[in-house]
Every structure is written in C-alpha cells, then in structure tokens.
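Here is a tour of one model for someone new to reading structures. Have the sequence and the 3D view open, and let's walk through them together.

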Amino acid sequence: MALDTHFKSRKDIKKSSKHDRYLSWFMIIPALAVVVVLIVVPMIYSFSLSLTNMNLLKPATTQYIGFRNYMRLFHDDIFWRAFWNTVIFMTVAVNVEFILGLFIAQLMFKVTRGQGVIRTAIMAPMMFAPVLVGFQFKWFFNDQVGLVNNLLYSLTGQYQIIPWLIYYPMNLFAILLGEIWMSTPFMVIVFLAGLVSLPTEPFEAAAVDGASGWLQFRYITLPLIGPFIYIAMVIRSLDLGRAYDLVRIMTGGGPANRSEMIWTYTYRLAITNNKFGMGTAMSFITVAVSFAFVIYLFKQLAKSRQEVY
Amino acid sequence: MKKILLIGIFVLLVLSTSTVFSLELGRFDGVTLKACFIGGGDYEKIYEKFIPEFEKLTGAKVEIVYKGNGFDIDKKMKVDFAAGTVDYDVCWDHTSFFSQYIDFLEPLEGYFTEEELKDFSPKVIQYCQKNGHLLQIPRHADISSLHYRTDIFNDPEIKKAYQEKFGKELKVPETWDEFKDIALFLSKPPEIYGTQFAGKEEALSGRFWDVLMAHGGKIIDENFKPAFNGPEGIKAATMLRDLYQAGAMPPGMVNFLWDDVAGNWVNGTIAMYTEWYGWYSYFQNPESSKVAGKFDIARQPKGDAGIHSGWAGAHCFSVTKASKNKEAAVAFVKYITSYEPQLFEAQIGYIPVRNSVFEAIIKEAEQSTDPLAKKRFELMKLQINEDFTPPPIVAEWIPISNVLYPKLQAIMLGDISVEDGLNKAAQEVEAIMEEAGYYD
C-alpha cells in the first residue's frame, strides 16, 4: 500500500486545519460573546463616559470633552497625593503581609496537632466586614480614649495625646495596621496550601546533603511555592488598589486630604461631587495602573516557573 | 389639678385627632404608592404607626421600596434620577439636599393651601422652596444649641480666676468672641478642652457656616460667586485655627464626626460646645454620661452682625415627577406631615416644625421632672422660628463643602494660612459654579 493512501495530501491537511480553525472560533463564540457583553462593552461605554463632562445632576447636558478630564487630573495635586498614598499603601501592605503570611504559614506547617483549630482561628480577622475593622482600629487609635494611647500611658506613666489619625504618615501607618491585621490570614492560607502541596523528595535529598533549614527554605521552599506567592500577591495588590472601606471609616481620606487614596477620591469626585465623567476618568487611570502591576507580577511568575522547572 | 390636666390632655387629643381627620385626603382604592425613605433607629417608628392608618383612611397601599441613611438615599436618588429609573412616588428629602433634585420633583404649591401651610414654621417652609416652587414638606428639623458644663461655669475658683483675668464675671458666652476667650481660658488639656467641633466633611463646613453667618458672611453671594473668603470668613476660620492651635480643642478633632464629639462630651473632657438636640437622652443618662445633670443649654452665640448662629436642616418628604399617582402621593405627604405624626415624633425626641406641636409639647414638658425639658422645647421653638438657616440652597452645596472642609482642616493644622486656604477654596468653588453654568 502506497504511503500516500495512509496520509492526507498537503492540500487536504491545509483544508482540514482551516476547517478546524473555523470550528474552534465557532466553539468559543458563546464565551467570547459573554466576555464582550459583560466586560468589553461596559468598558468601552465607561471609557466613553470618561471623555465627557457628565454631571450626575445634569445628565442631559453631557458633552464630549476629549481627554480634558485626564489632563485636569494630571494637574490635580490631590490626585497625585491619592495616587502616591495608594502606591505606598499597596507596596507596604503587600510586602508586610507576604513576610508575615509566609512566616506564620511556615510555623503552622510545622504544627502537627490542632492545625485545623489554628487554621480556623487565624482566619477569624477575614470574617469581619472591613467597615467593622475600620471602626475597631479607629477606636484603637483614638487620641482621647483609644487603646494605643492608653497602652502607652500604662507603659510610660506619662499621659500623652498622640493624634495617630491626624498626622502623616502616622495615619497611613494606622490604616496599614488595620489592613495587615485583616488580610494577612489570606496570605497564610494560600501559602499553607502551597507548602502542603510540595513534594518531600527535594527536602530529603537536601537534608542528606547537609543543607541547613534556612538553605532548604531559600533554595527549595521559596522557588517551589513561587507561583502561590505571585497569585496571592496579585490578588492582594488588586484588592489593595481598591482600598476604600477602611480608609473611609478611619480617616475619610483626611484630614486635609493627608490620607486620601485613589478610590476615596474617585468616590468623592464621581458621587458626592457629581462629576461622573471625571470620576470615571480617574477609575480608568487606576485600572491602567492595576493592569501594569498585574502584567509585571505575571511576568515575574513566568520567570519563577522557568527557574523552577 | 389632676382632673384639669386630664381634661386638658383629652381636649388636646381630640383636637389633634380632629386635625388629622379634618384633612381631606380622598380615596385611592387599588393604588399602591412606592416610597424611598430614610431608615434606621427612630426614623421608622412613624412609618410603623401611621402608614397603616393612612392605608385605612384612603384605601391606598404604601410600599417602602428602599430604606437607607440620608447619604445613601442621596446617592441612590441621584443615580436613579440620572438613569431615569425612579420607581417611587414619595421620597425622603432634606433642606441641604433637595436643590440637587429640583428637576425631578413635583412642585407642591398647587396641592397645598395657605391654610394647610400656616402652622409650619415660616422659616422652614421658606427653605423648602426653590425658584418659586414648593418642592418638599418638612417632617422634623434639627438645629444646635450651646451645651455648657454648669459645674465648670459655677465653680467659684474658676469664676474668681476669670474675674481676675478679664475683669468681668464668667457667664455663658453670648458672642463668638466671648466664646473664643472662654474656651481658651477653660482649657486644661488633656483633662479638659475649652471646646470642640465636628472636624470633617459637611459637619465642619456646616460649623464654619454657623460662625460665618453670625458675622454676616455668606458662602456664596447673590451672583453665585464664593463669598466666604471675605473678612467674615477670615474671622470665622481664624477662630477655628486659634482654638485648635492653642490646644483648646482636642488634637484629633479634625477627624471627628458627630458620634465622636458626643463621645467626648459624655466623657467629661469638654467645657462647652454647640450640639444638636438629638443626643439629649444620651447626655442625661448617668450610665452612659459623666456629665448627666451637670450641663445646661443656651441659644447659640451671636457674631459681629448680631445674628445668632443657626445652621439647620429639616427632613422632608417630596413627590417625584415620575410618579403616576401624584394625587395619592400628595395625600400621603399631607397626612404624614400633619399634626399627629409630628407630635408623635416630637415625643420621641425630634424637633417639630409645626408651631401647634410646639405648644402641645411645651405644655407636656411642664409636667416633666427634668428641669431642662421645658427650656429645651422653648429654645427649640425660638431657634426654629428665628435662627433656622440651612446652607445655600444650590445643588452644588455638597461639592462646595467637599472643597471647603479640607481647606479648613489644612488651616487648622497650620498647613496653609487662613487667607490662602480660603482663597484657594474660593477659586475651586468658582470653578464648580462656572462649570455648573451659573455664570453663562
């Protein structure tokens, strides 16, 4: 039997691959339609709104104004303060939560008895609504009757009124503490899942070779749970970029815009000041920053995978 | 005596009942009115008690489709009006907010006779109107009085020291200048602060407005240009800055809202301050308050213009233009703002806006064992009729406030000078008004 009877001709292959390509496109149409309707269309619509002067109270007078909203924001001091506050807030919170989360996850991984109870207990802060955490930490840092000033008084014997929520960067620090308390458990749970899933062989081999605990952690544990770290960091970064509740309750972005964040300012512009067009423009800047951040983190994730495998 | 009292109460009840039932509401069988109301706490008691009564009287059904706090309703209504998704006939409204919604509210002047409106405080009704239209009917109001510690003001040693320093007797301040001097004098931080104000958001802009109006100043002038950066505004902001910088107000004040200032007061760390009437039972409860029985109230101080401060607001009801049952909606508003529901709310603790309700509640208070009961209602009546002055009736008040209060905070914290802070805020306010088309 001639070979060409077993194999399709080049023309046939070309034809069938073309057919497959059409079929595959056809098969993903429903998913694509969902994405277009639920994500792309609203994004395009809201982007078009960001190019208008839409005022919530006078929707009928909406006019196209090009990129004027964006230009105004770039010349707005409060926008830049909110932007840098958010970047600092994100950077510090993600890194501290990462270090603390990894440390606690390692400790919990070594626990042999009662891990279930500890795991449940450690997740408790995540169960509180951010608004409640905000009120709790606002009270902790209240200058008159707050826990922190009273604790300092008990320790030093001197009654000092430290207005934690007033002075920058103390107010940012107070908000950060609330955020870290509330969200570190998320990191712990993800890292613990990563640690549990690790193979034991590399550690056994390293132990035979005499590698210390630190070296095992540095050169085996850390690279192997790299994907977990990046996923957790991406999720937390996106969460932190949207920080609103805690800031709103603890300082309201003030005083004098000292602790303003991107979303508290966006809300102020779009809803309380009725400048919906401007608020939407600000949201788009935030989305662009978040995209850049996620792309960077995913590149790092890909790099870490290459290093491991 | 008891008999006379009982007869008096009976007559009052009959009169009040007859006032309600003398309303010509009409029958609206089969009509379902949808409502968007303020909720939470004591606000809802009136709905529970009087909506079933209204339904019985008129045959209409009332369905509350949304309940929330004032700021949440404001947000919802703005979005609903903009998107054209209003599905309610009657809505909550407020003197500070209603000018934002004027294009979407049914003018009510055609539905109410002069006779029906004459019992309301004319000052309050004046601030329910815009562009010649009556757009809301008041439910209850709020205004602040000066709260001061009697144990401090009557302390012989403090009185003597004050006499020696100022050469005059220590008494309750009648002007803002006296207020400032006394606040500075009484301060012994951290044990006692001379005074405090709520220090952020509309609460701070409003308190600034309180002092500004007393000096004869305005937030915006008749041409809608910012006017708060004139000499009156500079004097008002300077007082706030001086008191804060001198430590006569708590350092955390610029982050305080209403519950924080009330908390400080009951904690006994404040000598005097201006406060809304609504907290009274909390302040007089010895279990929650260190100042129970140790304070008195007075009319707010006057400023250089001889005007008593009177930043005030009134919760109201409006009918939406989108309503398909306007007659029934108006009937509901008439009923819910009539004598009996207002008396009921006054007995809970809200400030009525009908003078007949004031008469009744003052009479009731005469029998109270609380020494401040009668004085409170008499002072409320005086203030609601004479001092009641909401912020400017423009849709841009909240955006103006959002520009103003961070600048006031910056002034108090020393980040910026009084003149520069107010001028910068004025520039931004002018831009807001220009963008809104006031100067076209």
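What follows goes from the confidence values to the domains, the chain contact, the core, one helix and some unusual backbone spots.

This is a predicted model, where local features need pLDDT of at least 70, side-chain atom pairs count only at pLDDT 80 or more, and totals for chains, interfaces and linings use all residues. Residues are numbered from 1 along each chain as its sequence is written, while chains are lettered from A and ligands numbered from 1 in the order in which they are written.

**Confidence**

The predictor scores the complex with an ipTM of 0.74 and a pTM of 0.82. For chain B, the mean pLDDT (the predictor's confidence in each residue, from 0 to 100) is 92, and 95% of its residues reach 70 or more. Residues 13–21 of chain B are another story: pLDDT stays under 50 there, and the model has 10 contacts beyond four places in sequence for this stretch. Two residues are in contact if their C-beta atoms, placed from the backbone, lie within 7 Å.

**Domains**

Domain bounds come from an automatic or database domain assignment. Chain A gets domain 1 (3–50) and domain 2 (71–308), with C-alpha centres 40 Å apart. The contact involves four residues from domain 1 of chain A and five residues from domain 2 of chain A.

In chain B, the assignment gives domain 1 (2–142 + 313–386) and domain 2 (143–311 + 393–435). Their centres, taken over C-alpha atoms, are 30 Å apart. Here 17 residues of domain 1 of chain B are in contact with 15 residues of domain 2 of chain B. On the domain 1 side, strand E6 (137–149) and helix H16 (373–386) of chain B are the elements that give two or more residues. H16(B) supplies the largest share of that side, seven residues. Helices (H or I, at least four residues) and strands (E, at least two) are DSSP runs, numbered from the N terminus.

**Where the chains meet**

How many residues does each chain bring to the contact? Chain B brings 25 residues and chain A brings 23 residues. On chain B's side, the elements that give two or more residues are helix H3 (70–83) and H17 of chain B, and H17(B) gives the most, with seven residues.

What kinds of residues make up these touching sides? Ala, Val, Leu, Ile, Met, Phe, Trp, Tyr, Cys and Pro count as nonpolar, Asp, Glu, Lys and Arg as charged, and the others, Gly among them, as polar.

| Side | Nonpolar | Polar | Charged |
|---|---|---|---|
| Domain 1 of chain A, touching domain 2 of chain A | two residues | two residues | no residues |
| Domain 1 of chain B, touching domain 2 of chain B | eight residues | five residues | four residues |
| Chain B, touching chain A | 12 residues | eight residues | five residues |

**The core**

In soluble globular proteins, nonpolar side chains tend to be buried together. The largest nonpolar core in this model has 179 residues, and those with the most contacts inside it are Phe191(A), Val90(B), Phe208(B) and Phe332(B). A nonpolar core is a set of buried Ala, Val, Leu, Ile, Met, Phe, Trp, Tyr and Cys residues joined through C-beta atoms within 7 Å. Helix H17 (residues 397–413) of chain B contributes the largest share of this core, 11 residues. Leaving aside residues up to four places away in sequence, Phe208(B) touches Ala236(B), Ala237(B), Leu240(B), Leu404(B) and Leu408(B).

**A covered helix**

Is helix H14 of chain A mostly covered or uncovered? Helix H14 (residues 262–272) of chain A is mostly covered, with nine of its 11 residues buried. Among them are Trp263(A), Tyr265(A), Arg268(A) and Leu269(A). A residue is buried if 20 or more other C-beta atoms lie within 10 Å of its own, exposed if 12 or fewer, and partly exposed in between; C-beta atoms are placed from the backbone.

**Odd backbone spots**

Most residues other than glycine have a negative phi, and most peptide bonds are trans. Just after H14(A), Asn274(A) has a positive phi of about 65°. Asn131(B), with phi near 50°, sits in the loop between strand E4 (129–130) and strand E5 (133–134) of chain B. Asn131(B) counts as exposed because it has 9 C-beta neighbours inside 10 Å. Glu201(B) has a phi near 55° and lies in helix H9 of chain B. Glu201(B) has 18 C-beta neighbours inside 10 Å, so it counts as partly exposed.

A cis peptide bond joins Tyr168(A) and Pro169(A), with omega about 5°. Pro169(A) is in the loop between helix H8 (147–156) and helix H9 (170–196) of chain A.
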